[in-house]
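Reader: I would like a close look at one part of this model, at the level of elements and residues. Please start with the part and then work outwards to what surrounds it.

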Amino acid sequence: MKKLLRQLIQADSTQNKGEVLAAEVIATYFNRHGIDCRVDQWDGNRANVVAHVKTGRRRPALLFVCHLDVVGPGEENWRHPPFAAVEDGGRIYGRGTTDMKGGTAAAVAAICEMARSKKGLQGDIVFAATAGEETDSSGVVRFMQDRDSLPPLAGIVVPEPTDFAVITAHRGLFWLKITTRGKAVHSSMPERGVNAIGAMKRVLDELERYEIQAEPHPLLGKCSMSVNMIAGGEAMNIVPDRCSLGVDIRTLPGQDHETIRYDFERMLARLKTGVPQFDGELAIERSAQAIETDPECEFVKTFCSAVGVDLTNVIGYTTDAPHLLPLGAPIVIFGPGKPRMCHQVDEYIEIADLQTGEDLFKSVIARFLA
Ligand SMILES: [Zn+2]
């Protein structure tokens, strides 16, 4: 399994490289263990990989969903090269060791191991590792287009790094982009143009007064909004005709993203009414609902007992899990690796944690399917 993780890290799957190499590493591993596995490739180097352990289906299946992509290594120097997968002091270093190739390798190894004793399995295991979780979720969306081919599910496991906490809820994500347009002229005569940055100031003033209406969640806290990007202007001597703003909103379970969209549309319409030359438009960059699985449901209770955890928990970051909600199965996020390692320089995973991860995934499979 350590070798599998090292090969996965070496198969650089940052945004520009795409996921196809990492998908092939996993497909080769499954095929070598006699498990049906398919790489779905599109747009050149984008890829998902889906494996299916087929049985007599006396019990509902388990679905494991991972992501293949990793974020870039950044500008800083790493202690060990980020795609070399160097083993040092009981750890493996490299981009993706924690987020989330470690959990992926542990799940793949556990599935192959359990499938070896296939006669003992009472239900199917489906494994998917998808593209673009860190960017556009295109892989999980594509996987879901094929969802009719899935067997009935007992539940879904997302092996993101939770340091072995059983996570049943996280906030959703709603990314909005506002663009204001003006008229470019030489800035020695600004009165002849329309300044798009000036228009964006009106938007920012409105946003400062705006509060999203949502009751705080007992565990997840409040819905939050943060203006994180702004861009506009071509040169010091041109009145800008375009300015754009990026807003990151984190939503709570049950919160409707459409309501927030409507608030923003209304705000832009109001500005237009007040200032006729105001021209602003809204675009949705990314939208994924919050997830909340009932911690008291049978699947979660059985899962917790299989991995020896008493209490479920929540996390601050988001995952691809919301895209799996249409499957109608309970979802838990659970895997090896410390969440604080995600996206860090010198990202590593403890080899002992990897092994524990594999053992616990085997125990989960045994509890539900053996
Ligand atoms: Zn991740």
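## A helix across a small sheet

Author: In this predicted model, helix α8, made of residues 351–369, lies across the strands β4, β5 and β16 and runs at about 65 degrees to β16. Those three strands make up an open sheet in the order β4-β5-β16, and the pairing is antiparallel. Its edge strands are β4 (87–88) and β16 (348–350), each of which pairs on one side only. Three bridges hold β5 (residues 91–93) to β16, again in the antiparallel sense. Among the residues involved, isoleucine 92 has isoleucine 349 of β16 as its bridge partner. Helix α3 packs on this sheet as well, touching β5 and β16, with its direction at about 45 degrees to that of β16.

The next step outwards is the nonpolar core. The largest one holds 63 residues, and the members that touch the most others are Phe30, Phe64, Phe127, Phe303 and Ile365. The greatest contribution to this core comes from helix α3 (residues 97–116), which supplies eleven residues. Isoleucine 365 sits within the span of α8, 351–369. Apart from neighbours within four places in sequence, isoleucine 365 is in contact with Leu62, Phe64, Ala110, Ile111, Met114, Leu121, Ile125 and Ala370. A second core, separate from this one, has 26 residues, including Cys223, Leu252, Ile260 and Leu268. In soluble globular proteins, nonpolar side chains tend to be buried together.

The metal site comes next. A zinc ion is coordinated by NE2 of His67, an OD atom of Asp99 and two OE atoms of Glu160, at 1.9 to 2.7 Å. The angles among the four donor atoms run from 52 to 148 degrees, and the site is irregular. For comparison, the ideal angle for four tetrahedral donors is 109.5 degrees. Along the chain the donors follow the spacing H-x31-D-x60-E. Histidine 67 belongs to strand β3 (residues 61–67), while glutamate 160 is in the loop between β7 (153–158) and β8 (166–170), so this pair ties together parts that are 93 residues apart in sequence. Histidine 67 and glutamate 160 are both buried.

Another sheet serves for comparison. It is open and has four strands in the order β10-β11-β9-β12, with antiparallel pairing. Strands β10 (224–232) and β12 (280–288) stand at the edges with a single partner each, so one side of each has no neighbour in the sheet. On average, and ignoring direction, neighbouring strands here are turned by 20 degrees against each other. Within this sheet, β9 (residues 172–181) and β11 (residues 242–251) run antiparallel and are joined by ten bridges. Phenylalanine 174 has isoleucine 249 of β11 as its bridge partner. A helix lies across this sheet too: α5 (residues 196–209) crosses β9, β10 and β11 and runs at about 20 degrees to β11.

Finally, the chain as a whole. It has eight helices and 16 strands, and 53% of its 370 residues count as buried. The C-alpha trace spans about 80 × 45 × 35 Å along its principal axes. Of the contacts between residues at least 6 apart in sequence, 80% join residues at least 24 apart. One such contact partner of isoleucine 365 is Leu62.

Definitions and conventions:
Residues are numbered from 1 along each chain as its sequence is written. This is a predicted model: local features need pLDDT of at least 70, side-chain atom pairs count only at pLDDT 80 or more; totals for chains, interfaces and linings use all residues. Side-chain values use heavy atoms; hydrogens and water are left out. Two strands pair if DSSP finds at least two bridges between them. Helices (H or I, at least four residues) and strands (E, at least two) are DSSP runs, numbered from the N terminus. Axes are lines fitted to C-alpha atoms, for helices over the stretch in contact, and angles run from 0 to 180 degrees between N-to-C directions. Contact means heavy atoms within 4.5 Å. A nonpolar core is a set of buried Ala, Val, Leu, Ile, Met, Phe, Trp, Tyr and Cys residues joined through side-chain atoms within 4.5 Å. Buried means under 20% relative accessible area, exposed over 50%, partly exposed in between (1.4 Å probe, protein chains only). Donors are N, O and S atoms within 2.8 Å of the metal (3.2 Å for Na, K and Ca); water is not among the atoms, so sites may look incomplete. Four donors count as tetrahedral if all angles lie between 85 and 135 degrees; four count as square planar and six as octahedral if opposite donors are over 155 degrees apart and all others between 65 and 115; anything else is irregular.
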